[in-house]
Amino acid sequence: MEGPIRTRREGGILEVTLDRPKANAIDLATSRIMGLTFRDFRDDDSLRVAIIRAEGEKFFCPGWDLKAAADGDAVDGDYGVGGFGGLQELPNLNKPVIAAVNGICCGGGLELALSADLILCSDNATFALPEIRSGTVADAASVKLPKRIPYHVAMDLLLTGRWFDAAEAKQWGIVKEITSPDTLLTKAWDLARLLESGPPLVYAAIKEVVREAENMRFQDALNRITKRQMPTVDRLYSSEDQLEGARAFAEKRDPVWRGR
């Protein structure tokens, strides 16, 4: 795809690169392209894992493009099918997404990374939610962070807008692993290949269960699973892959997942 978003495909892995000099800020047009890119990833059964990364070492993404806003982009404009950055509001995205974060990752850029399932970062990565300083709210982060890290830590980051480094991000479980800038993409691809080799129907069920159960009582969520009331769970329990997993275990061999 031409423009600020580049894609590269290898087998069942799709690498999506944000390349919008100088800082990889996201305007409305870029957000809409990202939404279409991730929608196509979601709907292509031959794709199993996505990596979201950014060009260059200085910036992953600072979030909303304030220059575009000054030129007329409305903050409440049409961000596209997936919401800001194409990921955080994309419905039924039941495939793993890995964020490979380098350099500055703040505001909506951090919210974009938080929309991934796993985050790797380079040791030069720095993070912040500085919206407080410009008189606005980090909306998606205000919803997500207090559910993922200790409440008082999340409130500290949201209320002060302070910067924190890769080591602190790992301390609070925001990132999975810290690498050098030179090895970040290699590590992300290694992780993507590991996930690509796994059972796609199980991944889909995991993502739906986690998403749907977030605001449900434990027993209500469990009942929906055991009664096969979630589409991905119902598909999994009726699949060839479910039988293949049991057979492979009994036969002491590696399973061959076909996604059906």
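**A chat about a predicted protein chain**

Visitor: Hi! How many helices and strands does the protein chain have?

Guide: Hello! The protein chain has 11 helices and 10 strands; helices (H or I, at least four residues) and strands (E, at least two) are DSSP runs, numbered from the N terminus. This is a predicted model, where local features need pLDDT of at least 70 and side-chain atom pairs count only at pLDDT 80 or more, while totals for chains, interfaces and linings use all residues. Residues are numbered from 1 along each chain as its sequence is written, and side-chain values use heavy atoms, with hydrogens and water left out.

Visitor: What radius of gyration does the protein chain have?

Guide: The protein chain has 19 Å, which agrees with the value near 18 Å for a compact globule of 260 residues. That radius is taken over C-alpha atoms, and the globule rule is 2.2 Å times the number of residues to the power 0.38.

Visitor: And what percentage of the residues count as buried?

Guide: Of the 260 residues, 47% count as buried. Buried means under 20% relative accessible area, exposed over 50%, and partly exposed in between (1.4 Å probe, protein chains only).

Visitor: New topic: threonine 232. Where does it lie?

Guide: Threonine 232 lies in helix α10, which covers residues 231-237.

Visitor: Is threonine 232 buried or exposed?

Guide: Threonine 232 is buried, because its relative accessible area is 12%.

Visitor: Which residues does threonine 232 touch?

Guide: Leaving aside residues up to four places away in sequence, threonine 232 touches Asn94, Ala204, Ala205 and Glu208. Contact here means heavy atoms within 4.5 Å.

Visitor: Let's try strands. Why is strand β7 largely enclosed?

Guide: Four of the five residues of β7 (residues 118-122) are buried, so the rest of the structure largely encloses this strand.

Visitor: Which strands pair with β7 in the parallel sense?

Guide: Strand β5 (residues 97-101) pairs with β7 in the parallel sense over four bridges, and strand β10 (residues 177-179) does so over three bridges. Two strands pair if DSSP finds at least two bridges between them. To find these on screen, look for alanine 100, whose bridge partner in β7 is leucine 120, and serine 122, whose bridge partner in β10 is threonine 179.

Visitor: What order do the strands have in the open sheet of four?

Guide: The order is β4-β6-β8-β9, with mixed pairing. β4 (59-61) and β9 (164-165) stand at the edges with a single partner strand each, so one side of each has no neighbour in the sheet.

Visitor: How do β8 and β9 pair?

Guide: Strand β8 (residues 126-128) and β9 pair in the antiparallel sense over two bridges. Phenylalanine 127 stands opposite phenylalanine 164 in β9.
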